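Reader: I have a chain with a bound ligand to go through. Please take me through its fold and its metal site.

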Amino acid sequence: MIGRNNLTSKEVARLLGVSEASVKRWADKGLLPALKTVGGHRRFRPEDVASFRRENFAREATKHSDAENEIAISKRLSVQYSASPPDLVSDDSLFTLLVEGYKEEASARMINLYLSQYTVGQIADAVLCPAMRKVGDLWHSGELSVAEEHFATRTAHVALQALKDALVVVREERGRSAICCSMENDYHELPIHVAALVLEAQGWSVINIGMSTPFYSLAEAVETLKPGVVCIASTIIDHSDRAGREYADFSAVVKRTGSAIVLGGAGFGSEHARQKFPADLHADNFRQLEEFALTLYASDVRG
Ligand code: B12
């Protein structure tokens, strides 16, 4: 089916940085899957373009030595992250796709934005999170049922997974690793996946421990895995004394391993929470995590 998210040869050429003639040639040779409109024009599904780009990028990367790849990766990251693309204006379109369960369209919308050079953090902050907040607000006011909220959340997870599959990632051998999870008693899963994806897009290898991870247990994982960064999400607020005490013990372990701690989510948003749970970064959004992770990466490459 030709959907409105499908791309023209011209758009694909712009995204891949090649001529329109090359795109048409690859399509005609069957290298890049294409659909045909009734009028005979080629159209491309974003996920096909993403996987074409990913495969060809990977093939390019294997031609070079590790050192050359390292430089290429740094260059690619700095181009991707330092360029300031036009502001991503949030609208209701993703919200509608999520509540109506249009998985393919929701996935294509996110992949399209990624192919247009927006970062995972930008897409999450400007498009996905506002849509989810609207779902929450309507659930709160009784305009959406619990089932409708669950359904929309499920669709968001599918779209996020599709975006993950479309990422162009070159993972370096020596690898930087991260752990992502949510705080104990917090069953909001999406922020953990987004944080993981932000890091994966930069080539980090991420262990997603999942929801409701107690600090004492997270400390054991950090001790064993010694990740470069530990990302903890808290969408709801738990300022219990026990959480505070366990966090202090956890922080002592993290200090020994030299990992950085990033805390994000409404639960860590207040001044009170930030004092109680000190961290290397208290992130207000995913773009901040992106920039922070890039700083860690830059110092890693230099040092
Ligand atoms: C989906 C959802 C659920 C699902 C989660 C399912 C799943 N598999 O994930 C379920 C059904 C489990 C659920 C349960 C509950 N939920 Co709920 N939920 C939501 C909803 C609709 C979306 C959550 C989400 O994914 N948001 C997307 C996130 C990423 O966006 P964000 O929170 O705005 O985050 C921004 C920043 O804070 C930052 N950020 C956030 N996290 C992180 C993490 C890192 C590492 C970084 C760097 C940045 C970062 O980036 C974003 C900006 O772009 C929200 C609505 C909302 N406002 O978010 C309600 C919401 C969070 N839920 C709410 C409530 C009340 C509950 C329940 C208590 C309901 C109940 N009575 O049972 C339970 C609590 C369960 C628990 N103990 O965790 C309230 C919280 C109110 C409050 N002030 O605490 C909200 C706000 C809904 C509302 N409007 O009232 N929920």
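Reader: What share of the chain contacts with a separation of 6 or more comes from residues 24 or more positions apart?
Author: The model is predicted: local features need pLDDT of at least 70, side-chain atom pairs count only at pLDDT 80 or more, and totals for chains, interfaces and linings use all residues. Residues are numbered from 1 along each chain as its sequence is written, and side-chain values use heavy atoms, with hydrogens and water left out. A contact means heavy atoms within 4.5 Å. Among contacts with a separation of 6 or more, the share from residues 24 or more positions apart is 74%.

Reader: How much of the chain is buried?
Author: Buried means under 20% relative accessible area, exposed over 50%, and partly exposed in between, using a 1.4 Å probe and protein chains only. The chain has 303 residues. Its buried portion is 48%.

Reader: In what order do the strands of the open sheet run?
Author: Helices (H or I, at least four residues) and strands (E, at least two) are DSSP runs, numbered from the N terminus. The chain has 13 helices and eight strands. Two strands pair if DSSP finds at least two bridges between them. Five strands form the open sheet, with parallel pairing, in the order 5-4-6-7-8.

Reader: Which strands are at the edges?
Author: An edge strand here pairs on one side only. The twist averages 20° from one strand to the next. The edges are strand 5 (205-213) and strand 8 (281-283).

Reader: Which residue stands opposite Met183?
Author: Strand 4 and strand 5 pair in the parallel sense over six bridges. With helix 9, these strands make a right-handed β-α-β unit. Right-handed means that, with the strands pointing away from the viewer, the path from the first strand over the helix to the second runs clockwise. Opposite Met183, in strand 5, stands Thr213.

Reader: At what angle does helix 11 run to strand 7?
Author: Axes are lines fitted to C-alpha atoms, for helices over the stretch in contact; angles run from 0 to 180 degrees between N-to-C directions. Helix 11 (residues 241-257) lies across strand 4, strand 6 and strand 7. Its angle to strand 7 is about 150°.

Reader: Which protein residue gives the cobalt atom its donor?
Author: Donors are N, O and S atoms within 2.8 Å of the metal (3.2 Å for Na, K and Ca); water is not among the atoms, so sites may look incomplete. The cobalt atom of the ligand has a single protein donor, an NE2 atom 2.4 Å away. The residue sits in the loop between strand 4 (177-183) and helix 9 (190-201). The donor residue is His188.
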